[in-house]
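Thanks for coming. I will take one structure today and go through a pocket, a sheet and a single residue. Please have the viewer open.

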Amino acid sequence: MGVRLMVVDDHRLLAEALASALKLRGHRVLAAAAPTAGAAELVITRAPEVCLLGTAAPAEPGAFDPVVRIKRERPQVAVVVLGPVPSPRGIAAAFAAGASGYVRHDERIEGVERAIMKARAGEAAVAPALLQGAFAELLNPAAQPDDEGQRLLQMLTPREIEVLVRVAEGEDTRLIAAGMGIAPSTARTHVQRVLMKLGVGSRLEAAALAARTGLLDRAGPLRHPGTGPEPGTRPEL
């Protein structure tokens with residue numbers, strides 16, 4: 001079944017060519033527009049299932065501001081970023097903004113279509129090679145994290161930092177509770193406080209933001225401090 005989508009890119013010829021190719025494959029393309037400065041307004045108005053949003057400079061400040069606005073006002077719209085070969089931090093920034101995927105501009109139409117289908121299904125749509133690069137940087141973070149990481153770190157208590165580390169490592173609420181010796185309900189409260197303080201709406205966005213800013217690397221000895229149960233609490237069986 002075809003997907004209702006929009007293609008928005010600064011390069012009009014690229015946007016129109018991609019829109020035409022997707023139409024031939026049975027998809028309903030609502031618009032192919034440029035520049036991306038007006039992308040958010042178009043997407044919010046048309047409300048497609050998926051938006052392919054092109055960017056020439058994913059590392060530039062504000063590159064993913066349209067994604068943030070789209071997800072805030074039309075959270076049901078899946079956004080897949082089209083861009084050049086990014087740094088792993090660029091991928092993290094895209095996901096932190098709320099994107100569902102990242103596809104290179106030179107990807108074959110079959111790869112773009114796969115990303116569209118995954119995004120519509122609620123799955124992360126990132127090519128294995130790009131994802132491998134992102135994992136490599138997460139395992140070997142840059143020596144000088146962004147200053148934003150220190151600012152965010154100061155907003156969190158030691159226990160909240162431990163919760164964020166565990167979230168970034170993929171632990172669910174029950175695992176967080178077991179590892180920290182607290183009740184699942186307490187773990188959920190900690191997670192919600194972390195999301196609120198970081199200004200994000202999901203655990204994936206929190207993990208991506210932590211990776212992008214170098215926050216986890218700055219946490220240092222606070223990672224998994226191994227403290228016992230909080231006073232007055234005990235793990236639920």
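Let me start with the second largest pocket, where helix 3 gives the most to the lining, with 4 residues. Keep in mind that this is a predicted model. Which elements give two or more residues to that lining? They are helix 3 (65-73), helix 4 (88-97) and helix 11 (203-213).

The volume of this second largest pocket comes to about 410 Å³. Its lining has 22 residues. If you want to centre your view, go to Val-68, Ala-93, Ala-96, Ala-97 and Arg-212, which lie nearest the pocket's centre. By residue class, the lining of the second largest pocket splits into 12 nonpolar, 7 charged and 3 polar.

Now stay with helix 11, and look at Arg-203, which is found in that helix. Is Arg-203 buried, partly exposed or exposed? Its relative accessibility is 29%; buried would need under 20% and exposed over 50%, so Arg-203 counts as partly exposed.

What does Arg-203 touch, apart from neighbours within four places in sequence? Its contacts are Val-167, Glu-171, Asp-172, Thr-173, Ile-176, Val-191 and Leu-195. There is also a C-alpha distance to note: Arg-203 and Ala-168 are 35 residues apart along the chain, and their C-alpha atoms are separated by 7.8 Å.

Next, the sheet. It is an open sheet of 6 strands, paired in parallel, and the strand order is 2-1-3-4-5-6. Strand 2 (28-33) and strand 6 (125-126) are the edge strands, each pairing on one side only. On the sheet packs helix 2, residues 39-46, in contact with strand 1 (4-8), strand 2 and strand 3. The direction of helix 2 makes about 170° with that of strand 1.

For one strand pair in detail, take strand 3, residues 50-54, and strand 4, residues 78-83. These two pair in the parallel sense over 5 bridges. Within strand 4, Val-79 is the residue that stands opposite Cys-51.

Finally, the chain as a whole. How many helices and strands does the chain have? The secondary structure comes to 12 helices and 6 strands. The chain has 237 residues, and 47% of them are buried. Among contacts with a separation of 6 or more, 71% are between residues 24 or more positions apart.

That is the end of my part.

Note on methods
Residues are numbered from 1 along each chain as its sequence is written. This is a predicted model: local features need pLDDT of at least 70, side-chain atom pairs count only at pLDDT 80 or more; totals for chains, interfaces and linings use all residues. Side-chain values use heavy atoms; hydrogens and water are left out. Two strands pair if DSSP finds at least two bridges between them. Contact means heavy atoms within 4.5 Å. Axes are lines fitted to C-alpha atoms, for helices over the stretch in contact, and angles run from 0 to 180 degrees between N-to-C directions. On a 1 Å grid over the protein atoms alone, a cavity is a set of points where a 1.4 Å probe fits but cannot get out, and a pocket is an open set with protein on both sides within 12 Å along at least five of seven lines; lining residues have an atom within 4 Å of a point. Grid points are joined across faces, edges and corners, and a volume is the space filled by probe spheres set on the points. Ala, Val, Leu, Ile, Met, Phe, Trp, Tyr, Cys and Pro count as nonpolar, Asp, Glu, Lys and Arg as charged, and the others, Gly among them, as polar. Buried means under 20% relative accessible area, exposed over 50%, partly exposed in between (1.4 Å probe, protein chains only).
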